[in-house]
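This report describes how two protein chains meet in one model. The structure is shown first, and the account of the interface follows.

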Protein chains: 2
Amino acid sequence: MSGVNSWQSVRAEVLHRIRSREWAPGDAIPHEADLAQELGCARATVNRALRDLAESGLIERRRRAGSRVALHPVRKATLEIPVIRMEIESRGEAYDFSLISCAERKPPPTIRARFKAEADVTLLHVVGLHMANGQAHALEDRWIDARAVPFAATTDFSKISPNEWLVLTVPFEGGDIAFSAAVASPDEAETLNCPPGAPLFVTERTTWRNEITLTSVRLLFAPGYRLHTRL
Amino acid sequence: MSGVNSWQSVRAEVLHRIRSREWAPGDAIPHEADLAQELGCARATVNRALRDLAESGLIERRRRAGSRVALHPVRKATLEIPVIRMEIESRGEAYDFSLISCAERKPPPTIRARFKAEADVTLLHVVGLHMANGQAHALEDRWIDARAVPFAATTDFSKISPNEWLVLTVPFEGGDIAFSAAVASPDEAETLNCPPGAPLFVTERTTWRNEITLTSVRLLFAPGYRLHTRL
């Protein structure tokens with residue numbers, strides 16, 4: 001075979017061999033230099049193709065041991081998590097945030113566990129509603145460790161949502177995200193202006209720095225919300 | 001400032017300047033070589049730190065114009081989408097797939113639109129239940145264009161779920177994913193062994209190659225399912 005000179009055509013050839021089981025799950029893939037010679041292209045072209053297949057989870061690359069066909073292919077998608085105001089405004093809709101409550105409180109045990117906090121800790125509890133074109137978009141229920149987040153206790157969250165303020169001012173290291181489904185309780189239904197029992201998309205995020213939990217948030221999206229991404 | 005020699009400490013310094021608004025949103029970030037000299041480290045170290053900050057959405061890098069502080073920071077997370085059998089078995093649970101129906105059918109208009117198909121097209125419609133330790137895990141409702149996916153029409157989906165068969169044998173180029181919430185209809189509730197009206201997490205994926213839609217699937221997860229990822 002010759003004349004293969006784009007990385008996309010190298011990728012197509014490798015995919016064909018994987019798909020036909022010429023290269024079966026777990027099999028080693030030839031060295032890049034050998035493949036490049038066989039396919040009549042530059043080694044960098046093979047490298048680019050294998051990198052792409054590794055990113056999509058079809059092959060596994062090891063530092064010294066070379067590449068092999070993945071035993072358990074895992075598709076990967078990148079999820080972008082914009083500030084809610086940006087997400088709404090990028091759709092051409094008017095954004096508004098309505099602060100419902102903001103107070104230092106003793107958290108319930110499930111929240112306390114996320115902060116790995118002692119029994120008598122108090123955390124900043126902020127609840128507010130994100131709105132798009134005057135309609136309820138998402139109910140934000142957030143806890144912040146004011147000892148770990150400077151200025152949180154003195155910020156006026158009726159002027160800027162905690163979602164936006166934290167992204168703009170607090171660098172963090174890592175976070176856990178969970179997506180799930182819930183039905184609207186009577187209170188939530190009233191705030192979100194939907195029938196009780198309506199299906200709600202839920203995002204829960206806990207973010208930390210230096211192993212200290214900074215904030216944990218639950219976002220309840222009004223019925224009809226869809227989170228989109230691409231493979 | 002001197003003695004900064006890990007890329008993590010360069011990142012921390014850059015974050016500090018962004019956070020303190022010394023470098024405000026939209027501001028240009030100094031050239032890598034200048035920063036390296038100022039911080040007393042190798043240019044590659046600065047490059048590594050800026051790359052990391054770009055990946056997490058806090059700065060924007062342009063090929064010629066250098067880097068600047070992001071106007072609209074977007075957090076990014078990588079979502080791994082394993083084969084459902086692998087996901088269940090990796091939790092140490094027993095996996096089973098129960099085929100409910102498999103037939104060539106005329107799709108409803110919403111599905112036909114996803115395949116950009118003519119009015120009289122027939123597609124392969126496969127419905128089945130993924131189970132974990134004998135309990136309902138997810139109801140798969142899938143349409144496949146058998147003209148675009150070789151062997152789909154002759155594959156026995158009581159032996160392997162279409163989810164796993166497609167990942168293992170059909171390379172694709174791209175896909176759309178949407179996550180949302182729904183409540184269980186009476187039929188879905190019976191199949192998933194939950195009360196009607198229970199909240200269900202929904203994944204919809206449409207995948208294509210060469211602009212031809214190969215398959216479109218709706219997965220309804222039993223109540224309690226959570227999709228996890230990390231920031």
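## Strand pairing between the chains

Strand 7 of chain A, covering residues 174-183, pairs with strand 10 of chain B in the antiparallel sense, and the pairing extends over 4 bridges. Within strand 10 of chain B, L227(B) is the bridge partner of F179(A). The model is a predicted one.

## Extent of the interface

Contact between the two chains involves 51 residues of chain B and 50 residues of chain A. The area buried between chain B and chain A amounts to about 4,700 Å². Carbon and sulfur atoms give 60% of that buried area.

## Polar contacts and salt bridges

Ten residue pairs are not listed singly here, but their count is part of the picture: across the interface of chain B and chain A, 10 residue pairs are in polar contact, with both residues at pLDDT 80 or more. The interface also holds 4 salt bridges. One of them joins D176(B) to R230(A), and the closest N and O atoms of this pair are 3.4 Å apart.

## The side of chain B that touches chain A

Several elements of chain B give two or more residues to the side that touches chain A. They are helix 1 (7-19), helix 6 (162-169), strand 3 (74-82), strand 7 (174-183), strand 8 (199-209) and strand 10 (227-230). Strand 7 of chain B supplies the largest share, with 10 residues.

Sorted by class, this side of chain B has 31 nonpolar residues, together with 10 polar and 10 charged residues.

Technical notes: Residues numbered from 1 in each chain as written. Chains lettered and ligands numbered in written order. Predicted model: local features only at pLDDT ≥ 70, side-chain atom pairs only at ≥ 80, totals over all residues. Heavy atoms only, no water. Contact = heavy atoms within 4.5 Å. Buried area = accessible area lost by both parts, 1.4 Å probe. Salt bridge = Lys/Arg side-chain N within 4 Å of Asp/Glu carboxyl O. Polar contact = N/O pair within 3.5 Å; in protein donor to acceptor, adjacent residues only side chain to side chain. Nonpolar A, V, L, I, M, F, W, Y, C, P; charged D, E, K, R; others polar. Pairing = 2+ DSSP bridges.
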